[in-house]
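Here is a short report on the fold, its core and a few loop positions. Keep the sequence and the 3D view side by side while reading.

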Amino acid sequence: MYEIKITRFFSAAHFLRDYHGKCEALHGHNWKVEVMVRREDLGEGNMALDFSRLKRLTEDVLKTLDHQNLNALPYFKDQNPSSEAIARYVFQQIEKSLAKEPVTVYRVNAWESRDSCAGYMK
Ligand SMILES: [Zn+2]
């Protein structure tokens with residue numbers, strides 16, 4: 001099994017509903033997002049997937065989050081935009097984009113700070 005991983009970044013604001021602590025107030029993060037894709041056999045160019053393609057797809061998804069108040073976006077209207085939920089959102093969007101490709105989106109990590117990371121995988 002082969003795996004490739006790319007890293008991208010976005011900045012946004014959010015707050016956590018029904019939470020008592022610092023994160024109940026509106027604040028921002030510079031998220032680091034890691035996307036891992038797996039494939040059993042190598043394809044064209046002896047690659048699992050072109051890094052630049054995966055970066056572009058990820059950028060397209062992160063554009064929908066960048067410099068937004070995440071709580072105001074439709075996806076997070078009824079659920080907290082936690083880093084866990086952000087990781088799931090990015091995972092689902094990239095999975096849709098790669099549905100016809102012979103690769104599997106394996107995991108998405110969303111780092112909200114240097115030492116705190118949430119991941120989503122199936
Ligand atoms: Zn936060």
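The expected span of a helix is 1.5 Å times one less than its number of residues. Helix 2 has 15 residues and should therefore span 21 Å; its end C-alpha atoms are 21 Å apart, which agrees. Note that this is a predicted model.

**Overall fold**

The protein has two helices and four strands. Along the sequence they follow the pattern β-β-α-α-β-β. The radius of gyration is 15 Å, close to the 14 Å that the globule rule gives for 122 residues, so the protein is as compact as a globular protein of that length. Its C-alpha atoms fill a box of roughly 50 × 30 × 25 Å along the principal axes. Of the 122 residues, 25% count as buried. Among contacts with a separation of 6 or more, 65% join residues 24 or more positions apart.

**The sheet**

The four strands form an open sheet in the order 1-2-3-4, with antiparallel pairing. Strand 1 (2-14) and strand 4 (116-120) stand at the edges. Each has a single partner strand, so one side of each is left without a neighbour in the sheet. On average, neighbouring strands are turned by 20° against each other, direction ignored.

Strand 1 pairs with strand 2 (residues 27-39) in the antiparallel sense, over 13 bridges. In this pair, His 14 stands opposite His 27 of strand 2.

**Helices on the sheet**

Helix 1 (residues 51-63) lies across strand 1 and strand 2, and runs at about 20° to strand 1. Helix 2 (residues 83-97) also packs on the sheet. Helix 2 touches strand 2, strand 3 (104-113) and strand 4, and its direction makes about 145° with that of strand 3.

Which residues of helix 2 are buried? They are Ser 83, Ile 86, Ala 87, Arg 88, Tyr 89, Val 90, Phe 91, Gln 93 and Ile 94. These buried residues pack against strand 2, helix 1, strand 3 and strand 4.

**The core**

The largest nonpolar core holds 23 residues. Val 33, Val 90, Ile 94, Val 108 and Ala 110 touch the most other members. Strand 2, helix 1, helix 2 and strand 3 each supply at least two residues of this core. The largest share, six residues, comes from helix 2.

Take Ala 110 as an example. Leaving out residues up to four places away in sequence, Ala 110 touches Trp 31, Val 33, Ser 83, Ile 86, Ala 87, Cys 117 and Ala 118.

**Loop positions**

Two loop residues have a positive phi although neither is a glycine. The table lists them.

| Residue | Phi | Loop | C-beta neighbours inside 10 Å |
|---|---|---|---|
| Asp 18 | about 55° | between strand 1 and strand 2 | 6, exposed |
| Asn 46 | about 60° | between strand 2 and helix 1 | 7, exposed |

A further loop position is Leu 73, between helix 1 and helix 2. Is Leu 73 exposed or partly exposed? Leu 73 is partly exposed, because it has 15 other C-beta atoms within 10 Å. Leu 73 and Gly 21 are 52 residues apart in sequence and 23 Å apart in space, C-alpha to C-alpha.

Technical notes. Residues numbered from 1 in each chain as written. Predicted model: local features only at pLDDT ≥ 70, side-chain atom pairs only at ≥ 80, totals over all residues. Pairing = 2+ DSSP bridges. Axes fitted to C-alpha atoms, helices over the stretch in contact; angles between N-to-C directions. Contact = placed C-beta atoms within 7 Å. Core = buried A, V, L, I, M, F, W, Y, C linked by C-beta atoms within 7 Å. Buried ≥ 20, exposed ≤ 12 C-beta atoms within 10 Å, placed from the backbone. Rg over C-alpha atoms; globule rule 2.2 N^0.38 Å.
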